[in-house]
Amino acid sequence: MNIRKAEKSDSKYIAPILLLAMEDIIYKFIAKEDYALAKDFLQYFIESENNQYSYQNCFVAEENDEIIGAVNIYNGADIEKLRAPIIEYVRKHHNPEFDPEFETHAGEYYIDSLGVNPKYQGKGIGSQLLQFLIDKYVHKNKEVLGLLVEEDNPSAKKLYLKLGFKVVGNKTLVKKNLEHLQIKN
């Protein structure tokens, strides 16, 4: 398996993979439970530049020329700037009252979402993607990595704790209560 920086041409493969991790949240963004619309919404932003979901902020795991996993990560200090085009689009096309909380902040690189193609789940790909990010951001660049985990997802939390993440607090995002975890050198 190879992990590399995503390219614009990867967008159509990244969208359904990341949507696995954030389907509920995207449904709240677009104000309806419509998988095709949610995938198109996410793909639009992954293909675009200078927003939080942009391919510029993604890494992909590939095997035999197939993208089997993806992760979206960015500097928390940039959340306001990266979220602005999404807020503007959502307010114009889906929900004029849209005003989401910021899930990250300066002082951490934020793992927004991570997904693995269902055909490849349970094979350690998510762990390998996380370890890649820990090596790159924490060990090599001395950065803090942060992420949110749903309270009703104990298996994901167990994995994060096993990899060295620690619970540092709680956050709310689109009315969902989440635990905030970080790992630092």
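1. Ser-11 in this predicted model belongs to helix α1. Its relative accessibility is 0%, and Ser-11 therefore counts as buried, the cut-off being under 20%. Leaving aside residues up to four places away in sequence, Ser-11 is in contact with Gln-43, Ile-46, Glu-47 and Tyr-55. Of these partners, Gln-43 and Ile-46 are listed among the buried residues of α2.

2. Helix α1 departs from a straight course. It comprises residues 11-30, and a straight helix of 20 residues would span 28 Å, yet the end C-alpha atoms of α1 are separated by only 19 Å. A bend of about 85 degrees is found at Met-22. Immediately after the helix comes Ala-31, which has a positive phi, near 65 degrees.

3. The buried residues of α1 occur on either side of the bend in the numbering. They include Ser-11, Ile-14, Ala-15, Ile-17, Leu-18 and Leu-19, then Met-22 itself, and further on Ile-25, Ile-26, Tyr-27, Phe-29 and Ile-30. As a general point, an α-helix has 3.6 residues a turn, so residues three or four places apart point the same way.

4. Helix α2 has a span close to expectation: its 13 residues reach 18 Å from the first C-alpha to the last, against an expected 18 Å. Its buried residues are Ala-38, Phe-41, Leu-42, Gln-43, Phe-45 and Ile-46. These buried positions pack against both α1 and α3.

5. The packing of α2 (residues 35-47) on α3 (residues 79-93) can be described further. The two axes approach within 12 Å and cross at roughly 145 degrees, and the crossing is right-handed. From α2, the contact draws on Phe-41, Tyr-44 and Phe-45, and from α3 on Pro-85, Ile-86, Tyr-89 and Val-90. By class, the contact residues comprise 7 nonpolar, with no polar and no charged members.

6. Tyr-53 deserves separate comment. This residue is located in the loop between α2 and β2 (58-63). Because its relative accessible area is 1%, Tyr-53 is buried. Its contacts, again not counting residues up to four places away in sequence, include Met-22, Ile-26 and Phe-29, which are buried residues of α1. Tyr-53 also touches Leu-42, Phe-45 and Ile-46, which are buried residues of α2. The remaining contacts of Tyr-53 are Cys-58, Asn-72, Ile-86 and Asp-112.

7. What separates Tyr-53 and Asn-72 in sequence and in space? They are 19 residues apart along the chain, and their C-alpha atoms are 6.6 Å apart. The two residues are also in contact.

Key
Residues are numbered from 1 along each chain as its sequence is written. This is a predicted model: local features need pLDDT of at least 70, side-chain atom pairs count only at pLDDT 80 or more; totals for chains, interfaces and linings use all residues. Side-chain values use heavy atoms; hydrogens and water are left out. Helices (H or I, at least four residues) and strands (E, at least two) are DSSP runs, numbered from the N terminus. The expected span of a helix is 1.5 Å times one less than its number of residues. The bend at a residue is the angle between axes fitted to the seven residues ending there and the seven starting there. Buried means under 20% relative accessible area, exposed over 50%, partly exposed in between (1.4 Å probe, protein chains only). Axes are lines fitted to C-alpha atoms, for helices over the stretch in contact, and angles run from 0 to 180 degrees between N-to-C directions. A crossing is left-handed if the near helix is turned anticlockwise from the far one by less than a right angle, and right-handed if clockwise. Contact means heavy atoms within 4.5 Å. Ala, Val, Leu, Ile, Met, Phe, Trp, Tyr, Cys and Pro count as nonpolar, Asp, Glu, Lys and Arg as charged, and the others, Gly among them, as polar.
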